[in-house]
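Here's a walk through one protein model, from its overall layout down to a few charged pairs. Have the structure open and rotate along as you read.

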Amino acid sequence: MSKPSLQLLQILALLIEDPNRKFYGLEIIQETGVQAGSLYPILAGLEKKGLVVSEWEDINEQEAKRRRRRYYQITLRGVKYAEAELNSALRPIAKRIGWVS
């Protein structure tokens, strides 16, 4: 298994802050700094693995004067995956600075 990218870890960390919250792409970009060109392929991969679900909002674009948003939410399986990946990535750093033995 390959090491997760920094962008993936940033996205996972945001999504597990509140697993019940649904985020749209621009929110994730603003919160993480991950660029759209990296974000959407990562979200698509997470969704394909069942770690994230998505849905289009149901709005009238003309009335709202904006395009509809696709919302992403982490699944229970995704939370477990995120916790494992973040722990694995951060443990060596925590050891190095003496937070864990």
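A residue counts as buried here when its relative accessible area is under 20%, as exposed when that area is over 50%, and as partly exposed in between. Keep that cut-off in mind, because Glu27 comes out as buried with a relative accessible area of 16%. One caveat before going further: this is a predicted model.

**The overall layout**

The protein has five helices and three strands. Read from the N terminus, the elements go α-β-α-α-β-α-β-α. The C-alpha trace spans about 55 × 25 × 25 Å along its principal axes. There are 101 residues in the protein, and 32% of them count as buried. As for contacts with a separation of 6 or more, 51% of them come from residues 24 or more positions apart.

**How α1 packs**

Let's start with α1, which covers residues 6–17, and α3, which covers residues 36–48. These two helices pack at an angle of about 65°, and their axes are 10 Å apart. That angle makes α1 roughly perpendicular to α3. The crossing of the pair is right-handed. On the α1 side, the contact is made by Gln7, Leu8, Ile11 and Leu12, and on the α3 side by Leu39, Ile42, Leu43 and Leu46. Sorted by type, the residues of this contact are seven nonpolar, one polar and no charged.

The spacing along the helices has a simple background. An α-helix has 3.6 residues a turn, so residues three or four places apart point the same way.

Now for α1 and α2, the latter being residues 25–32. Their axes come within 10 Å and cross at roughly 110°. α1 and α2 are therefore roughly perpendicular to each other as well. Here Gln10, Ile11, Leu14 and Leu15 of α1 meet Ile28, Glu31 and Thr32 of α2. The mix of residues in this contact is four nonpolar, two polar and one charged. Ile11 is worth a click, since it takes part in the contact with α3 and also in the one with α2.

**A closer look at α2**

Which residues of α2 are buried? They are Gly25, Glu27, Ile28, Ile29 and Thr32. What covers them includes α1, β1 (23–24), α3 and β3 (70–74). Just after α2 comes Gly33, and its phi is positive, near 80°.

Glu27 has its place in helix α2. Leaving aside residues up to four places away in sequence, Glu27 touches Arg21 and Lys22.

**The salt bridges**

Side chains of opposite charge can pair when their charged atoms come close. How many salt bridges does a search of the whole structure find? It finds four, and three of them are taken up below, beginning with the pair of Glu27 and Arg21.

| Salt bridge | N to O distance |
|---|---|
| Glu27 and Arg21 | 2.8 Å |
| Glu55 and Lys22 | 2.8 Å |
| Arg70 and Glu47 | 3.5 Å |

In the bridge between Glu27 and Arg21, Glu27 is buried, at 16% relative accessible area, whereas Arg21 is partly exposed at 33%.

Next comes the salt bridge between the side chains of Glu55 and Lys22. This pair links distant parts of the chain: Glu55 sits in strand β2 (residues 52–56) and Lys22 in the loop between α1 and β1, 33 residues apart. Glu55 is partly exposed, with a relative accessible area of 42%. Lys22 counts as partly exposed too, at 38% relative accessibility. Remember that Lys22 is also one of the residues that Glu27 touches.

Finally, Arg70 forms a salt bridge with Glu47. Arg70 lies in strand β3 and Glu47 in helix α3, so the pair ties together parts that are 23 residues apart in sequence. Arg70 is partly exposed, with a relative accessible area of 30%, and Glu47 counts as partly exposed at 26%.

How values were computed:
Residues numbered from 1 in each chain as written. Predicted model: local features only at pLDDT ≥ 70, side-chain atom pairs only at ≥ 80, totals over all residues. Heavy atoms only, no water. Axes fitted to C-alpha atoms, helices over the stretch in contact; angles between N-to-C directions. Helix = DSSP H or I, 4+ residues; strand = E, 2+ residues; numbered from the N terminus. Parallel < 35°, antiparallel > 145°, perpendicular 65-115°, else oblique. Left-handed = near helix turned anticlockwise from the far one by under 90°. Contact = heavy atoms within 4.5 Å. Nonpolar A, V, L, I, M, F, W, Y, C, P; charged D, E, K, R; others polar. Buried < 20%, exposed > 50% of the residue type's maximum accessible area, 1.4 Å probe, protein only.
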